[in-house]
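Student: I am new to this structure and would like a close look at a single part of it. Could you take me through the metal sites, and then show me what lies around them?

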Amino acid sequence: MKREGTVIAAHGRHYLVELDGGEVLPCFPRGKKSEVACGDRAAITQSNDTQGVIDSVLPRKTLLYRSNEFRQKLIAANVTQIVIVVATEPSFSDDLVTRCLVAAESQDIPALIVLNKCDLTERLAFARRTLEPFERLHYPILNLSAHASVEVLRPYLSDQTTVLVGQSGMGKSTLVNALIPDANARTREISEALDSGKHTTTHATLYRLDERSALIDSPGLQEFGLHHLSLLELEQGFREFRPLHGHCRFRNCRHDREPGCVIREAVEAGEIDRNRYTAFRALSIGLR
Ligand SMILES: Nc1nc2c(ncn2[C@@H]2O[C@H](COP(=O)(O)OP(=O)(O)OP(=O)(O)O)[C@@H](O)[C@H]2O)c(=O)[nH]1
Ligand SMILES: [Mg+2]
Ligand SMILES: [Zn+2]
């Protein structure tokens with residue numbers, strides 16, 4: 001029987017598809033290459049009561065993914081919003097935050113940053129300082145503690161399909177459980193009890209907040225390669241570069257050491273954050 005549904009869990013070649021109507025069916029992709037992401041809409045053939053085959057993925061509104069020179073890894077499809085989760089402890093990489101933001105900007109997906117574990121006050125001031133450059137760029141930043149209350153985040157999630165991304169241990173799954181009490185997302189406590197590795201969440205899962213809102217939990221990121229972007233897309237991903245676009249002396253300026261580069265001038269003048277510029281330079285290597 002031909003059906004359609006939403007991919008609510010993607011684990012290697014194993015998928016869970018929530019059929020329109022509500023029931024959940026384990027599915028496998030047709031063919032060897034599986035390019036199906038959590039959040040995808042899929043056309044499936046239901047083989048029997050307990051299994052189906054994904055015939056095709058319906059056109060995506062957005063696709064969030066990362067890539068290195070060899071391959072790409074899908075994170076989530078059809079999301080309308082990205083929440084980058086960082087925490088007071090363990091410390092987080094501002095470079096990774098920038099990469100997540102560039103990926104979001106390149107797909108025109110609005111992003112916000114959650115600083116979690118604000119109950120751990122010792123490193124709170126340091127974490128806030130690290131986030132200042134993003135605040136100056138007008139990315140919304142919410143301070144909260146998933147252990148105390150997540151209510152400041154809830155209004156942002158309504159009518160959205162939101163994906164939580166970030167490094168391992170930041171508290172993404174804890175946030176999911178706080179927002180959706182019957183989600184039962186596996187958090188570090190549970191994996192420590194089961195003694196299973198460092199990354200607690202091993203695959204992306206979509207949870208329903210209500211009829212029109214969903215939340216996707218994703219595995220912790222250690223790196224976020226953006227090899228699939230062109231130099232122009234990368235540049236557009238840095239929102240503070242946009243007003244300067246086209247103003248460098250050379251039209252094909254890579255904003256490295258070219259004379260008359262307005263981006264470099266803005267860095268020297270303190271108008272563009274130096275760490276952001278360094279991140280841009282690192283990401284631009286090899287891009288055309
Ligand atoms: N003190 C404190 N600890 C928290 C808070 N939120 C989460 N934690 C703890 O942080 C640890 C990691 O939480 P997880 O939710 O498993 O982190 P994750 O981001 O899902 O990690 P991965 O699945 O590996 O990507 C757990 O021990 C949580 O209890 C918080 O607000 N305050
Ligand atoms: Mg997790
Ligand atoms: Zn330039």
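**A close look at the metal sites and their surroundings**

Tutor: Let us warm up with one residue on the outside: Asn184 is exposed, with a relative accessibility of 65%, since anything over 50% is called exposed. Please keep in mind that we are looking at a predicted model. Asn184 sits in the loop between α4 and α5, and its phi is positive, about 55°, although Asn184 is not a glycine. That loop is a handy starting point, for the helix α4 leads us to the magnesium ion.

Which protein atoms are the donors of the magnesium ion (ligand 2)? They are Ser173 (OG) and Thr201 (OG1), lying 1.9 to 2.1 Å from the ion. Ser173 belongs to helix α4, while Thr201 is in the loop between α5 and β12 (204-210), so the pair ties together parts that are 28 residues apart in sequence. Are these two donors buried or exposed? Ser173 has a relative accessibility of 7% and counts as buried. Thr201 is buried as well, at 15%, because the limit for buried is under 20%.

Now stay with α4 and look at the space beside it. The second largest pocket holds about 380 Å³ of space. It is lined by 24 residues, and those closest to its centre are Lys117, Gly169, Met170, Gly171 and Thr174. Two elements, α4 (172-179) and α5 (188-194), each give two or more residues to this lining. The biggest contribution is that of α4, with 3 residues. Sorted by class, the lining of the second largest pocket has 13 polar, 7 charged and 4 nonpolar residues.

Next comes the other metal, the zinc ion (ligand 3). Its protein donors are Cys248 (SG), Cys253 (SG), His255 (ND1) and Cys261 (SG), at 2.0 to 2.4 Å from the ion. Along the sequence, these donor residues follow the spacing C-x4-C-x1-H-x5-C. What is the geometry of the zinc site? The angles among the 4 donor atoms run from 105 to 114°, and the site is tetrahedral. For comparison, the ideal angle for four tetrahedral donors is 109.5 degrees. Two of the donors can also be placed by their accessibility: Cys253 is buried, at 5%, and Cys261 is buried, at 3%.

To complete the surroundings, turn to the largest pocket, with about 680 Å³ of space. Its lining has 26 residues, and the closest to the centre are Ala10, Gly12, Lys73, Leu74 and Ile75. Both β1 (2-11) and β7 (72-77) supply at least two lining residues, and the largest share, 4 residues, comes from β7. This lining is made up of 11 polar, 10 nonpolar and 5 charged residues.

Finally, two details of the backbone are worth finding on your screen. The peptide bond from Glu89 to Pro90 is cis, with omega near -15°, and Pro90 lies in the loop between β8 (81-87) and α1 (94-106). On the far end of α1 there is another loop, running between α1 and β9 (111-116), and Asp108 is placed there. Asp108 has a positive phi of about 60°, although it is not a glycine. With 69% relative accessibility, Asp108 is exposed.

Technical notes. Residues are numbered from 1 along each chain as its sequence is written. Chains are lettered from A and ligands numbered from 1 in the order in which they are written. This is a predicted model: local features need pLDDT of at least 70, side-chain atom pairs count only at pLDDT 80 or more; totals for chains, interfaces and linings use all residues. Side-chain values use heavy atoms; hydrogens and water are left out. On a 1 Å grid over the protein atoms alone, a cavity is a set of points where a 1.4 Å probe fits but cannot get out, and a pocket is an open set with protein on both sides within 12 Å along at least five of seven lines; lining residues have an atom within 4 Å of a point. Grid points are joined across faces, edges and corners, and a volume is the space filled by probe spheres set on the points. Ala, Val, Leu, Ile, Met, Phe, Trp, Tyr, Cys and Pro count as nonpolar, Asp, Glu, Lys and Arg as charged, and the others, Gly among them, as polar. Buried means under 20% relative accessible area, exposed over 50%, partly exposed in between (1.4 Å probe, protein chains only). Donors are N, O and S atoms within 2.8 Å of the metal (3.2 Å for Na, K and Ca); water is not among the atoms, so sites may look incomplete. Four donors count as tetrahedral if all angles lie between 85 and 135 degrees; four count as square planar and six as octahedral if opposite donors are over 155 degrees apart and all others between 65 and 115; anything else is irregular.
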